[in-house]
Amino acid sequence: MSPNARAAIAAVACVVIALVAALAVDSRLDRHWIIRGVTLLVALACAAILAADNARKARLIIGLVGLVMFGVVFPATSTTWSQPPEIKFALAVADDAKAAAEKQSASTVTIADVKAAAEARGGAIGTLKTDRSPTIRGADAYPLIIRAKQDQGRPWSCLSFEHGLTAKVRAC
């Protein structure tokens, strides 16, 4: 098989892996499109290095290592790590709050719905009140700060609802 054919197959595989990894993430999460795009471009550049018909062993090794890292490892790990526990908790709260709003036939999810859903799951909204920070932030307007436990400071996540019932969750 020629170097150009191997490089083309590797480039197509990188594009497929990048698309599958991007679509495997919950649509309510920030998918990091810029980072994923740059990673794909670097993987394609590594495939182009493989396509260059130079017999230098160092160039071949650099191309292969780059292709494995940017074409497989980075997309797979960014997909696997996209839902830490605080994000999973916020997604569950978003589902519960949306269900409560729909049960009430409301067209938007209110902050009270989110607060009730978070408290029902053992969490809270807003920052933790401490001696250093006596003001609670993120509890009275979107984006809301969602904490997985009542007494937990960081890590937390931010939850907002766009167009009434469409949740957006991100790390904050």
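Visitor: In the hairpin of β3 and β4, which residue takes a positive phi?

Guide: H163 takes a positive phi near 55° in that hairpin, where 3 residues stand between the two strands. The strand names follow DSSP runs (at least two residues of E for a strand, at least four of H or I for a helix), numbered from the N terminus. This is a predicted model, in which local features need pLDDT of at least 70 and side-chain atom pairs count only at pLDDT 80 or more, while totals for chains, interfaces and linings use all residues. Residues are numbered from 1 along each chain as its sequence is written, and side-chain values use heavy atoms, with hydrogens and water left out.

Visitor: What makes β3 and β4 a pair?

Guide: Two strands pair if DSSP finds at least two bridges between them, and β3 and strand β4 (residues 166–171) have 6 bridges in the antiparallel sense, so the condition is met. Within this pairing, S157 has A171 of β4 as its bridge partner. On the β2 side, S157 of β3 stands opposite I146, and C158 of β3 stands opposite I145.

Visitor: What joins strand β2 to β3, and how many bridges are there between β1 and β2?

Guide: Strand β2 (residues 144–147) and β3 run antiparallel and are joined by 3 bridges, whereas β1 and β2 pair, again antiparallel, over 2 bridges. I125 has I146 of β2 as its bridge partner.

Visitor: What is the order of the strands in the open sheet, and why is one side of β1 and of β4 left without a neighbour?

Guide: The open sheet of 4 strands has the order β1-β2-β3-β4, with antiparallel pairing. β1 (124–125) and β4 stand at the edges with a single partner strand each, so one side of each has no neighbour in the sheet.

Visitor: Why is β3 called largely enclosed?

Guide: A residue is buried when its relative accessible area is under 20%, exposed when over 50%, and partly exposed in between (1.4 Å probe, protein chains only). In strand β3 (residues 157–162), 5 of the 6 residues are buried, so the rest of the structure largely encloses the strand.

Visitor: Which residues of β2 point one way, and which the other?

Guide: In a regular strand the side chains alternate between the two faces of the sheet. From β2, L144 and I146 point one way and I145 and R147 the other, and all are buried.

Visitor: Why is A7 called buried, and S105 exposed?

Guide: A7 has a relative accessible area of 5%, so it falls under the buried limit. S105, with 67%, is over the exposed limit and therefore counts as exposed. A7 belongs to helix α1 (residues 3–23), while S105 lies in the loop between α4 (85–103) and α5 (111–120). S105 also has a positive phi of about 60°, although it is not a glycine.

Visitor: What does A7 touch?

Guide: Contact means heavy atoms within 4.5 Å, and A7 touches A47, L50 and A51, leaving aside residues up to four places away in sequence. A7 and L64 lie 57 residues apart in sequence, with their C-alpha atoms 9.9 Å apart in space.

Visitor: What radius of gyration does the chain have, set against a compact globule of 172 residues?

Guide: The chain has 22 Å, whereas a compact globule of 172 residues would have a value near 16 Å; the radius is taken over C-alpha atoms, and the globule rule is 2.2 Å times the number of residues to the power 0.38. The C-alpha atoms fill a box of roughly 65 × 40 × 20 Å along the principal axes. Buried residues make up 35% of the 172 residues. The secondary structure comes to 5 helices and 4 strands, running α-α-α-α-α-β-β-β-β from the N terminus on.
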